Amino acid sequence: EECEPSVGSRLHAVDACTPCKFYRGRRGCKDGVHCQFCHHKHEELTYSGIRRLMRKKGLERQQALYEDSAPSVFESPPPPHTSASVS
């Protein structure tokens, strides 16, 4: 069976791709060559394994986006509020 290469298939050779869960299905992948996921065969993964991997990578992407937008813990804190002391 011939593989229709996709954008996501570029990282297949270095084992850094995420398999497309639709490509091997009855309807196939609607995104075709523009799909962000790999269309090469991943025999070691079941369909549930592919879904788990996609979820894990999605959560990692969300975490990375959160860390990029969250304020750094190493930023200096605001100056302390000083109040006039009453004697």
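The chain has 1 helix and 0 strands. This is a predicted model. Of its 87 residues, 22% count as buried. Contacts with a separation of 6 or more are 57% made up of pairs 24 or more positions apart. The helix, H1, spans 47–69. Several residues in the segment before H1 are covered below, including Ser 6, Thr 18 and His 42.

**Largest pocket**

- The largest pocket holds about 220 Å³ of space.
- Its lining takes in Val 7, Gly 8, Arg 10, Leu 11, Ala 16, Cys 17, Thr 18, Gln 36, Phe 37, Lys 57 and Arg 61.
- By class, the lining residues split into 5 nonpolar, 3 polar and 3 charged.
- Two of the lining residues, Thr 18 and Lys 57, are also joined by a side-chain polar contact of 3.2 Å.

**Thr 18**

- Thr 18 sits in the segment before H1.
- Is Thr 18 buried or exposed? Thr 18 counts as buried, because its relative accessibility is 11%, and the limit for buried is under 20%.
- Beyond its neighbours within four places in sequence, Thr 18 is in contact with Phe 37, Cys 38, Met 54 and Lys 57.
- Of these partners, Phe 37 and Lys 57 also line the largest pocket.

**Cysteines**

- How many disulfides does the structure hold? The count is 0.
- Cys 20 is in no disulfide, and the nearest cysteine sulfur, that of Cys 29, lies 3.8 Å away.
- A disulfide needs the two sulfur atoms within 2.5 Å, so the 3.8 Å between Cys 20 and Cys 29 does not qualify.
- Cys 20 is buried at 5% relative accessibility.
- Why is Cys 38 not bonded to Cys 17? The closest cysteine sulfur to that of Cys 38 is in Cys 17, and at 3.8 Å it is too far for a bond.
- Cys 38 is also buried, with a relative accessible area of 1%.

**Ser 6**

- Ser 6 belongs to the segment before H1.
- The relative accessible area of Ser 6 is 7%, so this residue is buried.
- Which side chain does the side chain of Ser 6 meet in a polar contact? The partner is the side chain of Ser 9, at 2.9 Å.
- The Ser 6 side chain also reaches the backbone oxygen of Phe 37, at 2.6 Å.
- With residues up to four places away in sequence left out, Ser 6 touches Gly 32, Val 33, Cys 35, Phe 37, Cys 38 and His 39.
- Phe 37 and Cys 38 are thus among the contacts of Ser 6 and among those of Thr 18.

**His 42**

- His 42 is found in the segment before H1.
- At 12% relative accessibility, His 42 counts as buried.
- Apart from neighbours within four places in sequence, His 42 is in contact with His 12, Cys 17 and Pro 19.
- One of these, Cys 17, is also a lining residue of the largest pocket.
- His 42 and Cys 20 are 22 residues apart along the chain, and their C-alpha atoms are separated by 9.6 Å.

**Backbone at Asp 15**

- Asp 15 has a positive phi of about 55°, although it is not a glycine.
- Most residues other than glycine have a negative phi.
- Asp 15 lies in the segment before helix H1.
- Is Asp 15 buried or exposed? Asp 15 counts as exposed, at 66% relative accessibility.

Conventions:
Residues numbered from 1 in each chain as written. Predicted model: local features only at pLDDT ≥ 70, side-chain atom pairs only at ≥ 80, totals over all residues. Heavy atoms only, no water. 1 Å grid on protein atoms, 1.4 Å probe; cavity = no way out; pocket = protein on both sides within 12 Å on 5 of 7 lines; lining within 4 Å. Points joined across faces, edges and corners; volume = space filled by probe spheres on them. Nonpolar A, V, L, I, M, F, W, Y, C, P; charged D, E, K, R; others polar. Buried < 20%, exposed > 50% of the residue type's maximum accessible area, 1.4 Å probe, protein only. Helix = DSSP H or I, 4+ residues; strand = E, 2+ residues; numbered from the N terminus. Polar contact = N/O pair within 3.5 Å; in protein donor to acceptor, adjacent residues only side chain to side chain. Contact = heavy atoms within 4.5 Å.
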